[in-house]
Structures are given as C-alpha cells and as structure tokens.
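I set out to record what I looked up in this structure, one entry at a time. The entries follow the order in which I consulted it.

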Amino acid sequence: MVAIRIMRAQFPHIDKVSIKPFILKSQLYSSVKDRTQVDRDLESLKRDKVLRIFKLSSGQDDHAIMLLDDYLNQIERVMKRSEDRKLDNLEVFQWFKTHVIDSKLEPSIEHQELRTLLSLGGKVKDEHISVLIHAGLLTRQIMDPNMYWLAIPNIGSVLKGLSQGRKEVLSLLNRRRYKEMMMVTLEKTRLRSSPLDMRFHLRDLIGSGHLKTIQTPTGIAVQVAKH
C-alpha cells in the first residue's frame with residue numbers, strides 16, 4: 001500500500017486526458033521484490049474494496065491498479081459529462097456503481113450477470129449497457145463477446161502511449177554500446193511517443209523483467225535484460 005501511495009502521488013500529469021492515477025502491477029514488482037507477496041496483498045486489498053484491478057488491452061499481462069475512491073470519482077466525471085451532453089438512460093451509472101462495482105470484484109463480468117446486477121437498480125434495457133460501453137466503463141472481450149472487461153474511462157490514448165513509450169525506451173537502450181545507460185541520465189530523457197514520464201516506464205520495464213538495474217561505481221545503471 002505504501003508503494004501504491006508513492007506511485008499514485010508520482011503519476012504524471014497528462015494534458016487533455018481526464019484520468020485518475022493508476023499503477024501497473026509490473027511497477028509494484030519493481031519496488032517490492034517478493035511477487036507472491038504483491039499478489040497476495042493486492043488480492044486482500046481488492047477484497048477489502050480499497051482498490052480495483054483492471055485487465056488492460058495493451059497486450060502482455062498488463063494489469064492496472066486504481067484506488068476505489070479514484071475509480072468512483074472517475075465514474076462521477078463520466079456521468080457528469082454524459083449529463084452535460086443530455087444523453088438518455090443515465091440512471092445506469094448509479095446502478096453500475098451501487099450494484100456492479102460494489103459486488104463484482106473480478107476484472108470481467110458475463111452479460112447475463114451484468115444484466116441481473118443492474119436490474120437491482122431498475123428495468124434494464126440494451127441501451128443501458130450501450131451507455132456504459134460508450135462511457136468506457138465496459139469493453140467487450142474479443143475472444144468471447146458475451147464477456148466484458150470492466151474498464152477505466154479515457155484510458156485509450158494513455159495505453160497507446162504506454163505501448164509506444166515501452167518501445168522507445170527499449171530502442172534507446174538497445175542503440176547503446178552495452179545496451180545500458182546511467183539511471184540519472186535516463187530519467188532526464190524526454191519521451192517523444194508517450195504522455196507518461198520516463199520514471200513510469202522504467203518502473204514498468206524493470207518490474208516486467210525487460211530491463212534490469214546494476215550497481216556501478218558511479219551509480220545505478222539500467223540495462224536491457226537478456227532474454
């Protein structure tokens with residue numbers, strides 16, 4: 001939880017994107033060495049409804065962690081924007097918060113279960129589910145269109161930056177003679193292809209095992225890990 005709070009506070013400010021801070025599971029692995037402990041702690045924090053874990057569509061085994069309060073706040077923002085645009089069926093946001101988010105702690109939900117939980121709030125129509133998809137709170141699973149991932153609204157452009165930023169950092173290091181750079185120099189590098197900062201990417205790439213850190217006489221160096 002300490003690591004989550006520190007990383008949350010250091011989440012980069014992203015222009016033109018209304019998104020609350022999130023942490024990648026790989027970033028936690030970079031700061032807490034015992035992965036099993038990380039997984040166990042996350043599981044109990046999820047059960048205690050302190051945070052939610054989301055499966056991201058950026059490939060690999062990407063999971064984002066967001067504090068529940070931040071997520072609820074993000075739903076409020078999406079709801080407010082939909083109200084401003086005078087859309088219909090907006091009561092579904094409240095049903096989603098009260099009946100789905102509160103009882104469904106897993107990252108995905110099946111269509112019928114979703115309808116059943118939403119119907120605790122009122123009479124469910126297909127349009128209600130469309131509102132949630134359109135707002136970015138649900139995405140259909142490609143492999144099984146009957147299943148949805150619960151999602152973080154407005155994360156699309158950030159995920160694109162996450163994938164491109166990873167490639168940029170790796171290519172930057174791969175061009176170096178020993179495929180390494182001093183951490184201090186690297187942290188000052190501005191990324192062209194990602195709205196996320198270098199520190200965000202380094203934590204992710206170190207935690208996922210793509211990069212490793214080595215102690216040298218002049219400080220910490222970051223090196224491409226041999227796979």
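**Entries on helices and rings**

I began with the surroundings of α4, and I found that the cover over its buried residues includes α1, β2 (51-55), β3 (63-67) and α5. I note that the model is a predicted one.

I then listed the buried residues of α4: Leu 68, Asp 70, Tyr 71, Gln 74, Ile 75, Val 78, Met 79 and Ser 82. I recall that an α-helix has 3.6 residues a turn, so residues three or four places apart point the same way.

I looked up the length of α4 (residues 68-84): its 17 residues reach 24 Å from the first C-alpha to the last, close to the 24 Å expected at 1.5 Å a residue. After α4 comes Lys 86, and I noted its positive phi, near 55 degrees.

I turned next to α5 (residues 91-101) and α7 (residues 126-134), which pack at about 80 degrees with their axes 9 Å apart. Because angles of 65 to 115 degrees count as roughly perpendicular, I entered α5 as roughly perpendicular to α7. On the α5 side I found Glu 91, Val 92, Phe 93, Trp 95 and Phe 96 in contact with His 128, Val 131 and Leu 132 of α7. I sorted these contact residues into six nonpolar, one polar and one charged.

Finally I counted aromatic pairs and obtained four. The ring centres of Phe 11 and Phe 22 are 5.1 Å apart and their planes stand at 55 degrees, so I recorded this pair as tilted. Both Phe 11 and Phe 22 are buried. I also noted that ring pairs link Phe 11, Phe 22 and Phe 200 into a cluster.

How values were computed: Residues are numbered from 1 along each chain as its sequence is written. This is a predicted model: local features need pLDDT of at least 70, side-chain atom pairs count only at pLDDT 80 or more; totals for chains, interfaces and linings use all residues. Side-chain values use heavy atoms; hydrogens and water are left out. Axes are lines fitted to C-alpha atoms, for helices over the stretch in contact, and angles run from 0 to 180 degrees between N-to-C directions. Helices (H or I, at least four residues) and strands (E, at least two) are DSSP runs, numbered from the N terminus. Angles under 35 degrees count as roughly parallel, over 145 as roughly antiparallel, 65 to 115 as roughly perpendicular and the rest as oblique. Contact means heavy atoms within 4.5 Å. Ala, Val, Leu, Ile, Met, Phe, Trp, Tyr, Cys and Pro count as nonpolar, Asp, Glu, Lys and Arg as charged, and the others, Gly among them, as polar. Rings of Phe, Tyr and Trp (its six-membered ring) pair if their centres lie within 6.5 Å; planes under 30 degrees apart count as stacked, over 60 as edge-to-face and the rest as tilted. Buried means under 20% relative accessible area, exposed over 50%, partly exposed in between (1.4 Å probe, protein chains only). The expected span of a helix is 1.5 Å times one less than its number of residues.
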